[in-house]
Every structure is written in structure tokens, then in C-alpha cells.
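User: I should like to go through the pockets and sheets of this structure and hear the grounds for each assignment. Please set each value against the criterion behind it.

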Amino acid sequence: MRDYLLNHNANTHWHYPTSMETDAALSHAREVFADFFNSTPGEVVFGNNMTTLTFHVARALGRGWSAGDEIVVTELDHQANVAPWRALAQERGVTICCVPFDTKRGELDWAQLERVVGPKTRLLAIGAASNALGTISPIRQATQLAHAHGALCFVDAVHYAAHHSIDVRALECDFLVCSPYKFYGPHAGVLFGRAEIIAELDVPKLAPAPNEIPDRLETGTQNHEGIVGSAAAVEFLASLATGTSRRAKLVEAMSQLHARGETLFALLWNQLQKISGITAYGPAPERPRTPTLSFTVAGRPAAEIAKALANEGLFVSNGNFYASTVVERLGLASAGLVRVGCACYTTEEEIQRLIDALRRLAA
């Protein structure tokens with residue numbers, strides 16, 4: 001990002017060197033994310049963040065929907081994959097159907113999902129992994145369910161992308177969106193959209209702007225340095241493994257990081273089960289999940305625990321993480337959750353420091 005801003009910073013599509021260098025940098029970033037998604041570069045769309053991209057796609061899709069059409073969302077999802085679709089209930093008169101989750105297991109009620117998705121469904125909006133509970137949902141089966149009824153599937157992979165390799169072809173989804181800051185990049189948003197869909201999408205756009213994919217979905221001047229930095233984050237992940245291609249390296253790196261994360265998470269989960277007063281939420285280690293854990297300490301608000309841990313050099317997040325329905329269903333809307341997770345740099349020593357600190361706080 002520093003190199004881009006100092007040496008290549010310009011707007012696109014002009015006939016001087018830094019503009020052409022910017023075009024090349026953005027083109028390279030699309031190729032990098034095509035490997036990240038297992039898509040084509042023309043199916044990679046850049047934006048300010050996941051929320052903005054989702055609102056943009058929702059508005060475009062909603063132009064073709066009306067009263068009687070249905071959109072299915074889930075209680076496990078971040079509000080960024082719920083609110084844009086709920087807005088269409090007001091704007092277009094569509095019906096929103098919400099699928100619950102099992103609060104004990106922290107997993108989606110699959111039987112209810114099968115009952116709700118039907119002939120009136122136009123889109124299923126579903127998260128690949130819960131940013132609050134770590135739950136990984138069966139996305140390919142969900143996509144196939146939606147397609148069986150002629151509906152589209154929009155996948156929020158913001159939390160998932162930090163812990164697993166993504167293959168949009170295997171998932172069979174129509175849209176998938178992620179945030180590079182979750183995997184060591186800058187604050188930005190990146191969307192995969194199936195080429196034949198985004199080519200016809202009725203997107204709000206300026207008349208002189210390009211109408212080819214994927215440019216037709218990108219409004220205004222883009223955050224060039226953020227796009228360059230996002231691609232660098234993907235290439236950093238690829239550098240953690242060996243392989244014959246960037247895609248092969250990414251798959252191998254994410255596989256190794258997931259295995260390592262599972263080991264660290266199991267240590268954390270099992271030790272917290274032994275501490276009186278601490279309640280951990282979400283699926284157990286043997287279930288499909290990410291190495292992210294949310295918990296409470298009896299009688300102590302989450303913010304108080306987060307502040308106490310920060311004083312010991314342990315930085316954790318607290319609150320509802322915009323997965324507000326999850327926290328409400330758990331009965332923790334006022335107290336909130338404390339959330340911790342394992343990344344590529346997390347060590348067993350850090351996990352033990354956290355456990356020791358929580359023993360003191362719980363006592």
C-alpha cells in the first residue's frame with residue numbers, strides 16, 4: 001500500500017505511466033482474488049466493505065422483486081447479511097422469512113430451513129460461519145436447496161474466509177462476500193458474483209460508467225491502495241505454504257492453519273469447561289466450526305472482562321459483534337459476550353495466559 005501511494009497513485013484508464021500502473025495493479029488484484037475464490041477475474045468485485053457491497057447487490061436484485069416474493073435469512077447471521085434484505089421488505093414489499101438456530105448447539109435449524117425455502121423464495125442469505133459462535137453451516141447443501149426452488153444464494157464468508165479456503169465452484173453459490181481485514185489485510189470488501197448474473201444485474205450506476213463486468217458493480221473511484229493491500233494479504237497467506245500455483249498454496253496454507261487452529265481451540269475449550277462460572281457458547285470442538293470462542297463470566301458484563309484482560313496484555317472483543325439476534329436469543333443482550341479466537345500468529349503460550357487470567361477473574 002505504501003509503495004502504491006508513493007510510486008503509482010493515480011486514477012484509472014488514462015495514458016500516462018502511473019495510471020497504467022494503477023490499471024495493472026487492480027488487474028493483478030482481481031487475478032489474486034480469482035485464485036482466492038476459485039473464480040474468474042471478471043467475477044471479482046471490489047467495494048468499501050462487505051456491508052456496502054451487500055446493500056448494493058440487494059438493491060439491484062430487489063428491483064426485480066415485488067410483493068409475494070420471499071427472502072430467507074437466518075438468526076445466526078451478522079446483521080450485514082440481514083438488514084440489506086430486510087430493507088427490501090419496505091422498499092419492494094417482499095416477505096422476509098427468518099430461520100432460527102438451536103441455542104444449545106449453536107447450529108442452524110436445518111429442518112426449519114428446508115421448510116421455509118420454497119417456490120416463492122427468490123434468495124437465501126446465509127453465513128458460511130457465525131462470527132459470534134464460530135458455527136460453520138453446510139453452505140453447499142444450502143445453495144443446492146435454494147437452487148432446487150429456483151432461488152439465488154448469497155453467502156457471507158467474512159468470518160469463514162479467515163479460517164478456510166474458499167471454492168465458489170464447489171459451494172455452487174451465486175454471490176459470496178468477504179472482508180480482507182479478517183485475514184491480515186486492510187479494511188475493504190470483496191465480492192464474488194457469478195458472471196452471468198452480475199452481467200444482467202440491474203445495478204444503480206452512472207450512465208457514463210463502464211457496463212462490463214465486473215466494473216459495472218463498482219461505483220465511483222475505488223480505494224486503490226486498499227485493493228492493492230487486499231491482494232497482498234492473499235499473497236501473504238499463499239506464502240505460508242508451498243505449491244505449484246497460488247491457488248494450490250492458498251488451499252494448503254488454509255488447511256494447515258485450520259488444523260493448527262483446531263488444536264489450539266480444543267485446548268482453550270476444554271480448559272474453560274473446567275472453570276466454574278465460565279460458560280462457553282457454540283459448537284463443541286468435534287463439530288464444524290472455526291477456532292473462535294465466545295463466553296461469559298457469571299455476574300460480570302462482557303465489557304468488564306475485556307477491560308480486565310486488556311490490562312494483562314490480552315486483547316479480546318466484547319458485545320454482540322453485530323450478530324445481535326444471536327446474542328438476544330442467548331439472553332445476553334445487556335451483558336454481551338466475550339470473544340477470542342486463534343489466528344496464524346496465536347501460540348499455545350498465549351492460550352495458556354488467557355486461561356490463567358480467566359481463572360483469576362472467575363474466582
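User: What makes the second largest pocket a pocket, and how much space lies in it?
Analyst: In this predicted model, about 510 Å³ of space lies in the second largest pocket. A pocket is an open set of points with protein on both sides within 12 Å along at least five of seven lines, whereas a cavity is a set from which the probe cannot get out; the term pocket therefore applies to an open set.

User: How do you know which residues line the second largest pocket?
Analyst: A lining residue has an atom within 4 Å of a point. The lining comprises 19 residues, and Thr12, His13, Pro210, Asp215 and Gly220 lie nearest the centre. Helix H2 (residues 17-37) gives the most, with 4 residues.

User: Into which classes do the residues of that lining divide?
Analyst: They divide into 4 nonpolar, 9 polar and 6 charged residues. Gly counts as polar, so Gly220, one of those nearest the centre, belongs to the polar class.

User: What are the corresponding values for the largest pocket?
Analyst: The largest pocket holds about 750 Å³ of space. Its lining has 24 residues, with Phe315, Val340, Gly341, Cys342 and Tyr345 nearest the centre. This lining divides into 13 nonpolar, 7 polar and 4 charged residues. Strand E13 (337-341) and helix H13 (348-362) each supply at least two lining residues, and the largest share, 4 residues, comes from H13.

User: Why are E10 and E12 called edge strands?
Analyst: The open sheet of 4 strands has the order E10-E11-E13-E12, with antiparallel pairing. Strand E10 (278-281) and strand E12 (317-319) each pair on one side only, and they are the edge strands. Neighbouring strands of this sheet are turned by 30 degrees against each other on average, direction ignored.

User: How do you know that E11 and E13 pair, and in which sense?
Analyst: Pairing requires at least two bridges. Strand E11 (residues 292-297) and E13 share 4 bridges in the antiparallel sense, so the criterion is met. Serine 294 has arginine 339 in E13 as its bridge partner. Helix H11 (residues 302-310) packs on this sheet, touching E11, E12 and E13, and its direction makes about 165 degrees with that of E12.

User: Which strands form the sheet with mixed pairing, and in what order?
Analyst: That open sheet has 7 strands in the order E1-E9-E8-E7-E6-E2-E3. Its edge strands are E1 (44-47) and E3 (95-99), each pairing on one side only. E1 and strand E9 (residues 189-193) pair in the antiparallel sense over 4 bridges, and phenylalanine 46 stands opposite valine 190 in E9.

Notes:
Residues numbered from 1 in each chain as written. Predicted model: local features only at pLDDT ≥ 70, side-chain atom pairs only at ≥ 80, totals over all residues. Heavy atoms only, no water. 1 Å grid on protein atoms, 1.4 Å probe; cavity = no way out; pocket = protein on both sides within 12 Å on 5 of 7 lines; lining within 4 Å. Points joined across faces, edges and corners; volume = space filled by probe spheres on them. Axes fitted to C-alpha atoms, helices over the stretch in contact; angles between N-to-C directions. Contact = heavy atoms within 4.5 Å.
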